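Colleague: Could you take me closely through one helix of this model and the aromatic rings around it? I would like a single connected account, with the geometry given wherever it was computed.

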Amino acid sequence: AAWYMVIKCSSISMGENMLVSVIVPIYNVSLELLHRCIESVRHQAENDVEIIIIDDGSDQNNSDLYRKICNEYCDTHYYRQTNSGPSVARNVGVEKAQGEYILFLDSDDYITDKCFEQATGIINTYRPDIVIGYTYRDLSDEGKIKHTAVDESPEKLVLDDEKEMAVLLNHMLGYEEAKYVYKNGYIGEGPCCRFFRRELFDNSLFDVIPRWSEDTLWNIELLRKCHTAVICKSRWYIYAVRKGSTVQGYRNNCYEEFMYITEKVSSVGHSIWNGNIDKGVACSVWRAIFILSRGYVFNSKNTESFGRRYQILKRAIKSTQFQNAIRLIDFHFETRRTRRIMKEILKFTMKTRLYLFTYMGIKLYVGKMS
């Protein structure tokens, strides 16, 4: 890959310790969204914050504009790589980061007003390995900062043993724990909306093979290294859902990605955590079938025959890791009765290998993407 850097003006010398490095991978995102992303950090962050922009091989015209935008901000550094995916971009950002803590922020998302104030307050008080806030999913994104309200005096949960870390990881993977449920957001299994101590990345970078859920693998391995984590029940991160994103868009190699990620999540999760997160792993593998369905099987851009799409879904359900997930999956945490019934019906058809009913049920569940 060809790398280059635009040197930025900075109110902090590189020899000083910086508290937070914000890493932002970008790939042909609109200027409006990139401005929104950067501004959400700059208007609330103090001088001990740097923003690292990793351009993942965007079109040259876009790259030129991105460099121009970055030149408008102090403490913002721009790097470019040939297109290699978000995991490679994040790994490069980690290598370049000068901060004691690292925050990942996707270029089409943004953070809320009190995110840095509340996070740095927790860091200064507890000095934890990870500080975790809550994400809000905006399904009607308009390219504006619309969500800014946060809890002024949020509840804080301190975790300092392996058992609690396993409960948290199960929750992140989909097997919900009541004490981590928050009405104004959720804790995702990705890397965003959390501040990581820089040392956690030593020998723990992102898996660069899959194109989705690679951050799930990383979380499974990373949390085992943590001694302390603090969860702040406040909405810090706005996940702006756009059509055409990595998870939303069509990918013709989605089945291969499904097989790779579900096998890795199952084997790594069980071996590292000695079976303590198997229910969470089952939930994660269960969700993967719907990503496969949206990204390939029922995606409107898929022009292959019904027979071909049916066989792909059938093979995915018959895989060892998915059959193990069906055996272990538990929907008792599901509070929405209609959703729980639908999931139980799908579980029954999968377990009894009524694949045609499963196919139609999943199609009804996820809908056909436009």
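**Helix α10 and its aromatic surroundings**

Modeller: I start with the contacts between two helices, bearing in mind that the model is a predicted one: Phe-322, Gln-323 and Ile-326 in α10 meet Lys-347, Met-350 and Lys-351 in α11. The axes of α10 and α11 come within 10 Å of each other and cross at roughly 130 degrees, which makes α10 oblique to α11, since the angle falls neither in the 65 to 115 degree range for roughly perpendicular nor over 145 degrees, where roughly antiparallel begins. The crossing in which α10 passes α11 is left-handed.

The three α10 residues that meet α11, namely Phe-322, Gln-323 and Ile-326, also appear in the list of buried residues of α10, which consists of Gln-321, Phe-322, Gln-323, Ala-325 and Ile-326. The cover over these buried residues includes α11, and with it α7, α8 (278-297) and α9 (306-318).

From the loop that follows α10, a further ring comes into the picture. The structure holds 22 aromatic pairs, and one of them joins Tyr-175 to Phe-333, with ring centres 5.7 Å apart and planes at 80 degrees, so this pair is edge-to-face, the cut-off for that class being over 60 degrees. Tyr-175 belongs to the loop between α5 (162-173) and β9 (194-197), whereas Phe-333 belongs to the loop between α10 (320-328) and α11 (337-351), so that the pair links parts of the chain 158 residues apart. The two partners fall into separate burial classes: Tyr-175, at 22% relative accessibility, counts as partly exposed, while Phe-333, at 16%, counts as buried, because the limit for buried is under 20%.

Within α10 itself, Phe-322 pairs with Phe-258, and here the ring centres are 6.4 Å apart and the planes stand at 50 degrees, so the pair is tilted. Because Phe-258 lies in helix α7 (residues 254-273) and Phe-322 in helix α10, this pair ties together parts that are 64 residues apart in sequence. Both Phe-258 and Phe-322 are buried, and ring pairs link them with Trp-286, Phe-290, Phe-331 and Tyr-365 into a cluster.

Phe-322 therefore brings several threads of this account together: Phe-322 is among the α10 residues that meet α11, is buried, and belongs to the ring cluster, besides forming the tilted pair with Phe-258.

Definitions and conventions
Residues numbered from 1 in each chain as written. Predicted model: local features only at pLDDT ≥ 70, side-chain atom pairs only at ≥ 80, totals over all residues. Heavy atoms only, no water. Phe/Tyr/Trp six-rings, centres within 6.5 Å; stacked < 30°, edge-to-face > 60°. Helix = DSSP H or I, 4+ residues; strand = E, 2+ residues; numbered from the N terminus. Buried < 20%, exposed > 50% of the residue type's maximum accessible area, 1.4 Å probe, protein only. Axes fitted to C-alpha atoms, helices over the stretch in contact; angles between N-to-C directions. Parallel < 35°, antiparallel > 145°, perpendicular 65-115°, else oblique. Left-handed = near helix turned anticlockwise from the far one by under 90°. Contact = heavy atoms within 4.5 Å.
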